[in-house]
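Student: I am new to this structure and would like a close look at a single part. Could you take me slowly through one sheet, its surroundings, and then the charged pairs of the chain?

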Amino acid sequence: MEKVRHDNTLSKLFSPIKIGDVTIKNRLAMAPMGFFYSSLDGAVRQEFNDFIITRAKGGVGMITLGDAGIGFTSLEITVDSAVQRRMIKAAKELVKAVHDHGVRIGVQLNHSGRQLDSPIPGYQLIAPSPIPWSKRSEVPRKLTIEQIEKLIEKYVNAAEKIKEAGFDFVEVKACHGYLLSSFISPHSNRRNDQYGGDINGRARFSLEIIKRIRQKMREDLLISCRFNGSDHVREGLTLEESRELSRLLVEHGVDFLSVSAGVHGSYPVIIPPFYIPQGCYLHLAEEIKHAVRVPVVTVGRIKDPRMANEILESGKADIVSMARALLADPDLPIKAQRGAFDEIRFCIGCNEGCQDRIAGFETTCLVNPAAGREKQMAIVPANKPKRIMVIGGGLAGIEVAKTAALRGHKINLYEENDRLGGQWRLASIPPCKEEFVELLHYLLLQLKKLGVTLCIGKRATIKTVEEENPDVVVIATGALPLKPQIPGIEQQNVVTAWDVLANSVHIGKQVVVIGGNALGLETADYLASRGKDVKVVEELEHVGRDLGPTVRWHLRHRLKELGVSILTSIRIVEITSGGVLMANREGKSIHKSFKTIVLAAGSVSRRELVDEVKGMAREVYVIGDASNPRNALFAVRDGAELGRKI
Ligand code: SF4
């Protein structure tokens with residue numbers, strides 16, 4: 001979008017909006033998210049309520065709970081099951097707690113259709129036509145007209161329960177390729193009955209649901225519909241048709257519309273990572289806004305409240321909805337309202353803790369390790385302030401220093417380099433990753449505010465520990481690049497990926513990157529973007545195993561466009577002065593010429609101080625990569641957890 005001067009008061013964002021008889025205190029909404037804080041019987045766990053109430057306290061105007069299930073597809077609020085009564089009682093309590101903060105709340109109703117992520121024994125996926133969403137997924141069963149009728153009734157019954165629980169609105173989810181969206185999209189709907197054909201037929205399922213909810217509820221419950229401005233797949237829903245769809249939805253009774261994009265398998269993915277620009281779906285909302293006269297909600301990697309205000313000022317949407325930005329910082333709205341933008345812990349679009357959940361934890365956040373564990377991770381003042389020496393100023397060291405200082409401990413943080421940040425600074429160098437450095441800006445400001453003593457450019461030794469004589473030593477010295485045992489590894493033409501990203505070495509035109517992990521692929525992207533001819537060689541069958549699926553999908557796409565070739569199941573036998581000798585699984589070898597050989601073969605912990613320091617302080621801890629080299633999510637998590645424990 002064009003540059004607009006920032007309004008630091010964000011007056012538009014924090015102005016109320018009235019929809020029907022309901023006034024929403026501001027125009028910053030929390031978008032529905034698919035959490036995993038619930039049991040399989042649909043019972044909502046306390047963590048879910050804590051998560052929602054923390055966001056309500058943080059000052060959003062409106063919250064939509066994501067993906068309440070119709071039929072078998074519920075993993076969260078089951079509004080249509082044997083546990084209904086208990087659920088309604090629990091929901092009433094949640095609604096009240098949210099209302100107590102002056103925040104409006106609604107529930108999104110969804111049936112996953114053919115895109116159900118985890119198979120349920122004995123249950124066959126359903127869809128408008130027997131077309132699986134990917135080559136590897138199950139062929140769904142085509143719904144009959146009687147079955148569609150029954151499902152419409154289920155949606156209406158669910159909406160009644162939502163009203164009974166006291167929610168302000170129900171949102172019919174007709175986006176992202178799930179059941180209703182799969183009917184709307186020509187990509188997945190090949191029917192030739194009244195539920196197929198043109199947009200009137202394909203939208204009929206959704207329209208009937210909305211019409212009947214409206215008939216039953218009169219004006220007592222607001223109705224929203226979330227739909228795709230574009231499916232972003234071949235033969236999918238286009239913006240032109242979605243404009244027509246928006247008019248039909250309004251005719252059938254919706255009070256406001258929410259415009260998203262994408263289906264499973266689309267490019268960009270539904271929840272795009274940092275490779276896709278912020279505000280990526282705004283143009284879709286803008287077009288819909290021209291087509292209808294009800295409020296339009298926009299969503300899609302909007303993380304900065306100043307950008308949200310600009311969007312509203314420009315008239316392209318009426319409400320801005322954020323999801324990951326509020327996972328990253330639940331207090332973003334109140335911080336923005338008082339103009340404290342440098343206090344905001346911005347989402348960096350990594351998808352590691354939320355969408356891709358690469359560490360296997362329940363939904364969480366790389367920059368906010370308390371997300372999903374709000375009560376458990378509350379900051380409690382220390383009983384007895386201690387003198388803590390933190391050795392290493394990467395993410396783990398900084399996070400532990402910040403957290404322990406918040407609790408009242410006295411911290412001296414040692415970093416041998418002349419800047420804090422460690423490997424995280426390198427992680428922000430590859431293309432499109434500039435946002436990563438925002439986390440560092442936030443953390444460094446916190447260290448300053450908390451009065452953490454920074455000993456920068458000073459290498460901590462045993463002597464330093466002796467002199468300091470702290471109560472606690474935390475070793476967060478990180479890792480070093482691993483040098484695999486390959487003949488010729490000491491040749492002049494061999495450099496590490498870290499050297500490349502630090503721009504500290506000369507790189508020739510023809511480059512081979514050894515290692516197809518995240519670091520190898522991102523370094524290949526960096527080099528290819530600078531005009532180098534790059535090949536990536538990986539010993540295993542697949543590359544990017546340490547990347548989440550959304551980031552991997554986008555990075556592979558970039559590498560293909562840049563002409564980077566990726567060779568898998570190939571072993572490097574020897575490095576020579578002119579290139580590398582490689583062998584495939586069958587042992588067939590070939591020599592290829594390269595000017596520069598880049599190592600991205602992993603890393604090893606730096607633990608040289610660990611044994612010596614043990615016994616020098618009452619408590620000694622080793623965290624982050626110094627404990628075990630893993631990605632940044634673990635480093636921050638280690639620091640956050642230890643900082644709460646000391
Ligand atoms: Fe944003 Fe990454 Fe946190 Fe997800 S894990 S909310 S993408 S910072």
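Tutor: What follows starts with the sheet and then turns to the salt bridges.

Please keep in mind that this is a predicted model. The sheet is an open one, built from five strands in the order β18-β25-β19-β20-β21, and the pairing is parallel. At the edges stand β18, covering 494-496, and β21, covering 565-567; each has a single partner strand, so one side of each is left without a neighbour in the sheet. Between neighbouring strands of this sheet there is a turn of 25° on average, with direction ignored.

Within the sheet, strand β19, made of residues 510-514, runs parallel to strand β20, made of residues 533-537, and five bridges join the two. One place to look along this pairing is Val513, which stands opposite Val536 in β20. Helix α17, formed by residues 518-529, lies across β19, β20, β21 and β25, the last of these spanning 596-599, and the helix runs at about 170° to β20.

The charged side chains can be taken up next, and here the count comes to 38 salt bridges. One of them joins Arg214 to Asp255, with the closest N and O atoms 2.5 Å apart. Because Arg214 lies in helix α6 (residues 204-217), while Asp255 lies in the loop between α7 (239-251) and β10 (256-261), the pair ties together parts that are 41 residues apart in sequence. Arg214 is buried, its relative accessible area being 14%, and Asp255, at 16% relative accessibility, counts as buried too.

Another salt bridge brings together the side chains of Glu608 and Arg459, at 3.3 Å from N to O. This pair links distant parts of the chain, 149 residues apart: Glu608 is in the loop between β26 (603-605) and α19 (610-613), whereas Arg459 is in the loop between β15 (453-456) and α15 (462-468). With a relative accessible area of 41%, Glu608 is partly exposed, while Arg459, at 52% relative accessibility, counts as exposed.

A further pair is Lys96 with Asp100, whose closest N and O atoms are 3.0 Å apart in their salt bridge, and both Lys96 and Asp100 are exposed. Finally, salt bridges can also be followed from residue to residue as a network, as they can in the one that links Glu149, Glu153, Glu208, Lys211 and Arg212.

Notes. Residues numbered from 1 in each chain as written. Predicted model: local features only at pLDDT ≥ 70, side-chain atom pairs only at ≥ 80, totals over all residues. Heavy atoms only, no water. Pairing = 2+ DSSP bridges. Helix = DSSP H or I, 4+ residues; strand = E, 2+ residues; numbered from the N terminus. Axes fitted to C-alpha atoms, helices over the stretch in contact; angles between N-to-C directions. Contact = heavy atoms within 4.5 Å. Salt bridge = Lys/Arg side-chain N within 4 Å of Asp/Glu carboxyl O. Buried < 20%, exposed > 50% of the residue type's maximum accessible area, 1.4 Å probe, protein only.
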